[in-house]
Every structure is written in C-alpha cells, then in structure tokens.
Amino acid sequence: MSIEIKVQRVGKGDCIWLKYGKENKVNIIIDSGTATKAKEFRNIIKSISESNEVIDLLILTHIDNDHINGFKKYISKNDGKIIKEVWFHGKGVKAYAINAPHSPKSAIQLEGIMEQRKMNVNHNIFKGYKKTINEAELCILTPTREAVRRVGTIVDQYVSPHGGGVHNQDLDWIYKNDEYIRDNSDTNAASISFVFSYEGKNIAFLGDAHAEDIIDSKNDFYNGINMDLVKLPHHGSSHNITEDLMKCLLCNNFIISTNQPVDKNTIARVVNSVEKSTIYCNYSWWDCNGYYTKKDREEYVYKEKLIMKELKKDEIIFSDEGCNIWELKKN
Ligand SMILES: [Zn+2]
C-alpha cells in the first residue's frame, strides 16, 4: 500500500483522509465537514487512534462552515492531543466578530478553543510554502497573503456552492451556451490548496480555491507536469472550474465532494477539455432525475470518455507503488 484516499460523506462539505507510507503511516486530514456530519470526522479520528497512529497534519483549507465545523464540534469535547499540527487561517477575521451570521464566527471560536488546548497551529501557510513529511512533499498553491488579509478586512459575499443552472439539457447544448462567472467569495479565495507528491505521484487538493489562482500557481511550480489525481475546487462549482483550469491540470482523474447535483456546466467543460476523465464522487448525485440525457450517455458515458464512480461507504481511492491507475478498495 502506498497512497489511500477516503472522501467522507459530509453533505455538501469536504472531509478527506489521506494516508500513505510503508512502515510508518502518515495521516493527513483535509477539512472536517459540516457540524451535522461531524460523525464522519470523528470516525476518522477513532480509526486512526485504534491503529495507534496520529494525525500528522489537519489542514482546514478555509473558514467556511462546511470545512471547519466537524472539527469544531470534535475539539469542543476532546483534548486534541492526537493531532500534531493544524494549518488554519482563522486569525485576523475579527472584522466579522460583531455581527457574523456566517462562518467567520465559528473560525474565531475555533481559534480560541485550539489556543486553550495548546495545539500546534500554523497560520503561515501561503503560496510557495513547502513541507516534507515522511518523504512526501506538500507544495502550497494558494492562498497569497493578500487573499487571507482580505478575508479579515471586508465582509464576505457568500455565494452558494451550487449555482443551480440547467440540468435537463445535453452537455453539448450547455457547452455551446456556456458562460463563466467567476467565484467572488473572499473566503474561498483564501483557501489553502496544495499539491501532494509521493512516490512519483502528484495529487492536487484544491479546497474551494479560485480557478485563476490555481492556474497561476500550477504554471509557477508545476509547469507542464501531470497531476495524477485532482480534488476539484468548491464542490464542483462552475464558478471555480474553467476549461483553462482543466487543460492546465494535465489530469484524467478527479474527485468531487458534494451531495448535490453538480452544475452541468462544470461537466460540460470537463468533457470538452479532457479526452478521458474519471470522476470519483462521495455521493451518486447524477443517478437521480436523469442528470445525464440519452445523448450525453451515448456521446460520453458509453464511449467511456466520462466515467462516473461512486465511492461507496468505506471505499477508498487507492494507488499502489508502480501502479498507474487509481483503484477502489474496501477499507
Ligand atoms: Zn466548501
């Protein structure tokens, strides 16, 4: 076993468990999901603790509730000693403290709890920062210092992860009538996104970051380099995924973490910029309501230009040493 990835079912949030290593296993958790799905985050901790391992790193990509509240609920009742390091940009969001109905309030409270627990929190995670853990390298793509500072000074414009959009049209029709409106959320722009490299594999975890920022950093640090697997940003939102991004990633395998039907514009851009793609999903949102039309199935699904894979409960995305494909495996 070399790399295992488990995408927890946390509604429309993110909570991903990355485990790798030979004799010494390393556990990295990327985000912790919503409060209502906090059990999923707790289950990872339980399972790591039962194998007498630790969480080497918990990355909270940004301050939105669907990324931090699972952990907030857990840490309110536990000492957190099993977590060796946390990456989080929850400081400097004081601008919200006065009347914050949305996430920033949670972020401030969470920083307070972690301080009480004397946890090792690193707030200095910016573009270009690199860290090596047990022969794997993590290279930060976003955010810039400026993006994090902006979250602290102006009020966030919250945009729903899913734009609604048209779902009953063919992918080809949607592609012809496609219009891209970029994500204007400041908290998303402050997302920690990074490339994890281990045993010659490059995996990008893109948080809810903005497409334009990811492209810049991909060109800066990984110009022309293939990604083997990419967690697409912002739960597959069409405000964060462009054709340019898809072409720049040089990847065929993707993860989308959400329980809601993804904007079909996103899928239309994927199939028009990547020749063959496999999308791993923690919920089978395309199964219901005829998401793919007859024409879509004939043009893309049956020809295997687009392969949709549902990650069943406890199923992990797995890559062995020397193995070039990603397999699914029961835990
Ligand atoms: Zn999110």
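Reader: What is the order of the strands in the open sheet of eight strands?
Author: In this predicted model, the order runs S6-S5-S4-S3-S2-S1-S15-S16, and the pairing within this open sheet is mixed.

Reader: And which are the edge strands?
Author: Strand S6, residues 121-122, and strand S16, residues 327-330, are the edge strands, since each of them pairs on one side only.

Reader: In what sense do S3 and S4 pair?
Author: Strand S3, residues 26-30, and strand S4, residues 57-59, pair in the parallel sense over three bridges, and the bridge partner of Ile29 in S4 is Leu58.

Reader: Turning to Ile317 in strand S15, is that residue buried or exposed?
Author: Ile317 counts as buried because it has 23 C-beta neighbours inside 10 Å, where 20 or more are needed.

Reader: Which residues is Ile317 in contact with, leaving aside neighbours within four places in sequence?
Author: With those neighbours left aside, Ile317 is in contact with Ile5, Tyr280, Trp326 and Leu328. The C-alpha atoms of Ile317 and Glu4 are 5.8 Å apart in space, although the two residues are 313 residues apart in sequence.

Reader: Different topic: where is the cis peptide bond?
Author: The bond from Thr142 to Pro143 is cis, with omega near 5°, and Pro143 is placed in the loop between strand S8 (136-142) and helix H4 (145-153). Most peptide bonds are trans.

Reader: What about the phi of His234 and of Asp314?
Author: Neither is a glycine, yet phi is positive, at about 50° for His234 and about 70° for Asp314. His234, in the loop between strand S11 and helix H8, is buried, with 28 other C-beta atoms within 10 Å, whereas Asp314, in the loop between strand S14 and S15, counts as exposed, with 11 C-beta neighbours inside 10 Å.

Conventions. Residues are numbered from 1 along each chain as its sequence is written. This is a predicted model: local features need pLDDT of at least 70, side-chain atom pairs count only at pLDDT 80 or more; totals for chains, interfaces and linings use all residues. Two strands pair if DSSP finds at least two bridges between them. Helices (H or I, at least four residues) and strands (E, at least two) are DSSP runs, numbered from the N terminus. A residue is buried if 20 or more other C-beta atoms lie within 10 Å of its own, exposed if 12 or fewer, and partly exposed in between; C-beta atoms are placed from the backbone. Two residues are in contact if their C-beta atoms, placed from the backbone, lie within 7 Å.
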